[in-house]
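Trainee: Could you take me through the largest pocket in this one, slowly? I'd like to know what lines the pocket and what the parts around the lining are up to.

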Amino acid sequence: MNDFIAIDFETADLSADSAISVGLVKYRDYKPLASYYSLIKPPVPYIRPDFTELHGLTMDDVKDAPDFKYIWENEIRGFFTAVPFAAHNADFDMKVLSALLHLYEIPVPQIMYFCTLKLSRRLWPDLRSHSLANLAKTFNIIYDAHNAVADADTCAKIVVLGAQAVAQKSKRKNIIGLESLLKKTGTAMLEL
């Protein structure tokens with residue numbers, strides 16, 4: 001199965017439950033199928049100025065946005081199926097997701113995920129940086145840094161490029177499956 005969902009959050013500060021935007025991009029058989037983006041009203045109405053410098057979001061942008069509980073119940077719960085998730089620096093995004101689920105007392109679904117930062121380090125060890133921005137530049141991906149849906153989409157494209165790279169290295173005609181990609185690169189599938 002070559003289906004997965006890439007996820008990314010932007011936050012207001014260092015608190016894991018301070019998400020102010022989320023982006024999801026669903027891929028089926030390594031092709032984009034659906035995407036979702038929403039601003040999120042944080043539980044504390046404050047965004048650190050240095051975080052605004054990174055992602056460009058202010059309290060004016062999110063003050064009328066729905067909270068995560070509303071988004072979960074009405075818009076994104078359907079994304080959380082038996083498909084694995086990919087995130088660049090997955091520890092961060094999964095920590096944010098877990099904190100939000102606990103904050104709003106939402107039962108935590110079974111979520112399997114893997115990290116594209118770790119995957120990219122194993123696939124292209126000679127790159128000077130494995131940031132999404134550098135990977136996008138290296139592979140000519142049009143990229144709007146720190147926009148949650150653009151981050152998620154770039155993350156997903158890294159997975160596809162990785163599968164193609166491993167297939168080419170193995171001299172295969174067909175793209176390699178996701179499970180084989182993770183196995184061949186020693187990238188762990190983890191559970192939230």
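Mentor: One bit of vocabulary before we go in: when I say helix or strand, I mean a DSSP run, at least four residues of H or I for a helix and at least two of E for a strand, numbered from the N terminus. Keep in mind too that you're looking at a predicted model.

Now the pocket. The largest one holds about 410 Å³ of space. Its lining is made of 23 residues, and those closest to the centre are Asp8, Glu10, Phe92, His146 and Asp151. Sorted by class, the lining has ten nonpolar residues, eight polar and five charged. Four elements each put in at least two residues: strand E1 (4-11), helix H1 (49-55), helix H4 (90-103) and helix H6 (132-138). Of the contributors, E1 gives the most, with four residues.

Stay with His146 for a moment, as its backbone is worth a look. It sits in the loop between H6 and H7, and its phi is near 65 degrees, a positive value in a residue that isn't glycine. So is its side chain tucked away or out in the open? Somewhere between: with a relative accessibility of 31%, His146 counts as partly exposed. The loop between H6 and H7 also carries Asn140, another non-glycine residue with a positive phi, about 55 degrees this time. Asn140 counts as exposed, at 73% relative accessibility.

H6 turns up again elsewhere. Look at helix H5 (residues 116-123), whose buried residues are Thr116, Leu117, Leu119, Ser120 and Leu123. They lie on the same side of H5, because they span an arc of only 160 degrees around the axis. Among the elements that cover those buried residues are H6 itself, strands E4 (85-87) and E5 (112-115), and helices H7 (148-169) and H8 (178-185).

Back to E1, and to aromatic rings. The model has nine aromatic pairs. In one of them, the ring centres of Phe9 and Phe68 are 6.5 Å apart and the planes stand at 55 degrees, so the pair is tilted. This pair bridges distant parts of the chain, with Phe9 in strand E1 and Phe68 in helix H3 (residues 68-76), 59 residues apart. Both partners are buried: Phe9 has a relative accessible area of 2%, and Phe68 comes in at 0%. Another tilted pair joins Trp72 and Phe80, with 4.7 Å centre to centre and 50 degrees between the planes. Trp72 counts as buried at 5% relative accessibility, and Phe80 is buried too, at 12%. Follow the ring pairs along and you get a cluster of Phe9, Phe68, Trp72, Phe80 and Phe85.

Finally, for contrast, have a look at the second largest pocket, which has about 150 Å³ of space. Its lining consists of Met1, Asn2, Asp3, Pro84, Gly177, Leu178, Glu179, Leu182 and Met189. By class that makes five nonpolar, two polar and two charged residues.

Conventions:
Residues are numbered from 1 along each chain as its sequence is written. This is a predicted model: local features need pLDDT of at least 70, side-chain atom pairs count only at pLDDT 80 or more; totals for chains, interfaces and linings use all residues. Side-chain values use heavy atoms; hydrogens and water are left out. On a 1 Å grid over the protein atoms alone, a cavity is a set of points where a 1.4 Å probe fits but cannot get out, and a pocket is an open set with protein on both sides within 12 Å along at least five of seven lines; lining residues have an atom within 4 Å of a point. Grid points are joined across faces, edges and corners, and a volume is the space filled by probe spheres set on the points. Ala, Val, Leu, Ile, Met, Phe, Trp, Tyr, Cys and Pro count as nonpolar, Asp, Glu, Lys and Arg as charged, and the others, Gly among them, as polar. Buried means under 20% relative accessible area, exposed over 50%, partly exposed in between (1.4 Å probe, protein chains only). The arc is that of the directions from the helix axis to the C-beta atoms. Contact means heavy atoms within 4.5 Å. Rings of Phe, Tyr and Trp (its six-membered ring) pair if their centres lie within 6.5 Å; planes under 30 degrees apart count as stacked, over 60 as edge-to-face and the rest as tilted.
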